[in-house]
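Here is a friendly walk through a protein chain, written for someone who spends more time at the bench than at the graphics screen. Have the sequence and the 3D view ready as you read.

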Amino acid sequence: MNKGLSKISSIGIALIGLFCCVLSSCSKKAYIFTSFHEPATEGLRLLYSDDAYHWTDLNRTLLKPEVGTQKVMRDPSIVQGPDGTFHLVWTCSWKGDKGFGYASSKDLIHWSAQKFIPVMETEPSTVNVWAPEIFYEDETKEYIIIWASTIPFRFEKGIEDEDNNHRMYYVTTSDFTSFSKPKLFIDPGFSVIDAVIVKRKAKDYVLVLKDNTRPNRNLKIAFSNSATGSYGAASETFSPKLTEGPTVVKVKQDWLIYFDAYGQKIYSAVKTADFKSFKDVTSEVSIPEGHKHGTIIKVKKSVIKKLINEMK
C-alpha cells in the first residue's frame, strides 16, 4: 500500500473510532443515585447510570445508619465538594429527633464516623426533621442544607394536623463542624416538604418542592435569584397527586426530574427545558424495583468502576 492510501486509511479508522465513541458515549462522566429500601433500617444504597435514564442497583448497602432515635436512613442526599469529598445527609427518625444524620467519604466505600447534627435543638417543640437536602453554592463556597420541620401552631395550616404542618428551614456550613443558626427557608403558605435547589446559572435558581397539603400532595416549582431565597410563589403542579421526593439532573440541554409517584406505585420522571412545561418520560426510564428517593449527582466513571469492583 502506498503512503497516500495508508494515510487515508488511518484517517478513516480514526473517524470510525470517533463515530463509535460517540455512539457508546465516551464521556468520562456518569451518574450516581442515592437510594434506600423500606423499612430504611439497612442503610445507604446506590444506583448508577451512564445516561441518567437507565439505572442499575449495586445491590448492597454501603453505610448502615447508627445515629438518631430510630436509626433509619431515609431520603439520603449527597453532594461532591470541590475537593472530591462526598457529603451525605439523611433523615434518621420519623419523629422526636431535632436533627439529621451526616457522614462523608472520599470514594463512597469508606465512610467517616457518623454525626447527628441537631439543627433544631433551639426549637423545643419541633416535631420532626425530614428529608435534608444538601446543595453546594460555588459562589460563596459553602454548603446549604434545607429540610422540613413542623413547629405546631407556628403557621397557618390547611386540613392537616398541627404536627404535620411543615415549613422548610436551612443552615449553612463550610466544614461540617460549625453551622449557621437555622433560619426559615420558605413559607409558601402551605405545608411543604421535599424541596430541592437547582442552579441554572448565577442569580437563577429553581426550587422543586412538594405541596404536602391535603388533598394536593404533589410537586410544584418556585424561582429565585439566590440559593437561599426569597423564592416566588409556587407554580401550579406538574405531577399527579400523591407524589414526592424529587431530584433533578441536567442531561444535555434538558433537565430530568425524578420523583416517587407513590399513589401509582411507580417511580416517574419528567423532562423540561425551562421548568414551565414538562413532558412525562416515565416510559423512557428504568428504575430498579424497591428504589426509594434520594439525590442524583454526576461523577467520574472511575468512581463507579471502583465501586463495582469493590462489590465483587
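The sections below go from the overall fold to charged pairs, unusual backbone spots and inner spaces.

## The chain as a whole

Please keep in mind that this is a predicted model. The chain holds 2 helices and 19 strands. Its C-alpha trace spans about 85 × 40 × 40 Å along the principal axes. For 312 residues, a compact globule would have a radius of gyration near 20 Å, and the value of 21 Å for this chain agrees with that.

How much of the chain is buried? Buried residues account for 52% of the 312 residues. Contacts tell us about the fold too: among those with a separation of 6 or more, 48% are between residues 24 or more positions apart.

## Charged pairs

The count of salt bridges comes to 15. One of them pairs R74 with E38, with the closest N and O atoms 2.8 Å apart. This pair links distant parts of the chain: R74 sits in strand β4 (residues 74-80), while E38 belongs to the loop between β1 (29-35) and β2 (45-49), 36 residues apart. Are the two partners buried or exposed? R74 has a relative accessible area of 10%, which is under the 20% cut-off, so R74 is buried. E38, at 43% relative accessibility, falls between the 20% and 50% cut-offs and therefore counts as partly exposed.

Another salt bridge brings together the side chains of E137 and K199, at 2.9 Å from N to O. Here too, distant parts of the chain are linked, with E137 in strand β8 (residues 130-137) and K199 in strand β12 (residues 192-201), 62 residues apart. E137 is buried, because its relative accessible area is 5%. Through salt bridges that share partners, E137, D138, E139 and K199 are joined into one network. The side chains of D211 and K220 also meet in a salt bridge, at 2.8 Å from N to O. Both D211 and K220 are buried.

## Backbone details to look for

Two cis peptide bonds can be picked out by eye. The bond from E38 to P39 is cis, with omega near 10°, and P39 lies in the loop between β1 and β2. E38 is thus a residue you have met already, as the salt-bridge partner of R74. A cis peptide bond also joins R214 and P215, with omega about 5°. P215 is found in the loop between β13 (204-211) and β14 (218-224).

Which residues other than glycine have a positive phi? F153 is one of them, with phi near 65°, and K203 is another, with phi of about 60°. F153 is placed in the loop between β9 (142-150) and β10 (166-173). Its relative accessible area of 70% is over the 50% cut-off, so F153 is exposed. K203 lies in the loop between β12 and β13. K203 counts as exposed as well, because its relative accessibility is 67%.

## The largest pocket

The largest pocket contains about 790 Å³ of space. It is lined by 24 residues, and V79, F135, I296, I297 and K298 are the closest to its centre. Two or more lining residues come from each of β4, β8, β12, β15 (244-251) and β19 (296-300). Sorted by class, the lining of this pocket has 14 nonpolar, 4 polar and 6 charged residues.

## The enclosed cavity

How many cavities of 30 Å³ or more does the whole structure have? The search finds 1. The largest cavity holds about 110 Å³ of space. Its lining is made of 14 residues, and A131, E133, D194, G245 and P246 lie nearest the centre.

In the lining of the largest cavity, β4, β8, β12 and β15 each supply at least two residues. These four strands also appear among the elements that give two or more residues to the lining of the largest pocket. By class, the cavity lining divides into 6 nonpolar, 5 polar and 3 charged residues.

Terms used: Residues numbered from 1 in each chain as written. Predicted model: local features only at pLDDT ≥ 70, side-chain atom pairs only at ≥ 80, totals over all residues. Heavy atoms only, no water. Salt bridge = Lys/Arg side-chain N within 4 Å of Asp/Glu carboxyl O. Buried < 20%, exposed > 50% of the residue type's maximum accessible area, 1.4 Å probe, protein only. 1 Å grid on protein atoms, 1.4 Å probe; cavity = no way out; pocket = protein on both sides within 12 Å on 5 of 7 lines; lining within 4 Å. Points joined across faces, edges and corners; volume = space filled by probe spheres on them. Nonpolar A, V, L, I, M, F, W, Y, C, P; charged D, E, K, R; others polar. Rg over C-alpha atoms; globule rule 2.2 N^0.38 Å. Contact = heavy atoms within 4.5 Å.
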